[in-house]
Amino acid sequence: VYAFSLVAQWHAVWAGRAQGWQAVWLSSLIVVSNLVFYVAARSKLWDRFGDQVMTMTQMVVALVALAIAYRINPIMRGALLMIVPLILVFGAFTLSPQRCRRLGAISVALIGVAMGIGVLQDGIHFTPALEAENFLFAAVVFATISILSGQLAAMRIAQYRQKRELNQALNRLNDLASKDYLTGLPNRRHVHDWMAQEVARGRRTGVPLSLAI
C-alpha cells in the first residue's frame, strides 16, 4: 500500500497536479519510518516496548503520512481516504479494544486537521462545504470501523484465553492419564506408550533394544 501510494503521488507530480518537494518529503517520511520500524522489529527494541505499543506507533505514523498525502494531493484525496479503513482493521489483529477505538479517534482528528489546513491554504481545491461533508462521512465511517475492530480484538483475546485454558486442561488430563496420582511416577499406560516409541526408534535406527526391570 505504501508503494502504491508513492507511485500515485509521483504520478501526480509528473502530471503537474502536485509539487515535487512535497512528494519528496512524503516519500522520505514513508521510507525512513518503514526502515526504522523494520530495524526495531528485527532488534530487541520491539520486545522492550511491547507489540501493542510498537504496532500502535506504526499505525499512527501511517495515518500521519496519509493525512499529509491528503493535503498535498487534492485530486486523489477521495481515494486516499479508502486506505484509512485498512489501517484501522489492521489493529484488530494486535491491539486491544481500547487502543482500536483510540486509533479511530486519532484518524478522525488527523484527517480533520488535514482538511482544515487544506481549506485555509487552498480554498479552490478544498472547498469548505465539500470538506465538511467529507469530514462527517469520514468521522462516521472511521468511528464505526474502529468500534468493529475493537469488537474483533475482544473476540481474538477471548479466543486466546479460551485456547490457553483448554491447553492447560489438556495438559492436566495428560498428566492424570500418564502418571500415578499418588507418587507422580509414570503409570502402566505411559510405560507401554514409551516402549512402543522406543521399539519404533530401534527399528528405524537398527540399534538393539534392551529392557531392564
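How many salt bridges does a search of the whole structure find? In this predicted model, the search finds 2.

One salt bridge joins R77 to E131, with the closest N and O atoms 2.9 Å apart. The pair links distant parts of the chain. R77 belongs to helix α5 (residues 77–81), E131 to helix α8 (residues 128–178), and 54 residues separate them. R77 has 11% relative accessibility and therefore counts as buried. E131, at 2%, also counts as buried.

The other salt bridge is formed by the side chains of E198 and R201, at 3.3 Å from N to O. These residues are 3 apart in helix α9 (residues 188–205), so about one helical turn separates them. E198 is partly exposed, with 25% relative accessibility. R201 is likewise partly exposed, with a relative accessible area of 41%.

Pockets were also examined. The largest holds about 350 Å³ of space. Its lining comprises 16 residues, and V1, Y2, A62, I83 and I87 lie nearest the centre. Helices α1 (2–14), α2 (20–42), α4 (51–72) and α6 (83–90) each give two or more residues to this lining. The largest share, 6 residues, comes from α4. By class, the lining has 14 nonpolar and 2 polar residues, and no charged ones.

The second largest pocket has a volume of about 170 Å³. Its lining residues include V64, I68, R71, L110, I117 and Q121. Two or more lining residues come from each of α4 and α7 (97–121). The lining of this second pocket divides into 8 nonpolar, 1 polar and 1 charged residue.

Definitions and conventions
Residues are numbered from 1 along each chain as its sequence is written. This is a predicted model: local features need pLDDT of at least 70, side-chain atom pairs count only at pLDDT 80 or more; totals for chains, interfaces and linings use all residues. Side-chain values use heavy atoms; hydrogens and water are left out. A salt bridge is a side-chain nitrogen of Lys or Arg within 4 Å of a carboxyl oxygen of Asp or Glu. Helices (H or I, at least four residues) and strands (E, at least two) are DSSP runs, numbered from the N terminus. Buried means under 20% relative accessible area, exposed over 50%, partly exposed in between (1.4 Å probe, protein chains only). On a 1 Å grid over the protein atoms alone, a cavity is a set of points where a 1.4 Å probe fits but cannot get out, and a pocket is an open set with protein on both sides within 12 Å along at least five of seven lines; lining residues have an atom within 4 Å of a point. Grid points are joined across faces, edges and corners, and a volume is the space filled by probe spheres set on the points. Ala, Val, Leu, Ile, Met, Phe, Trp, Tyr, Cys and Pro count as nonpolar, Asp, Glu, Lys and Arg as charged, and the others, Gly among them, as polar.
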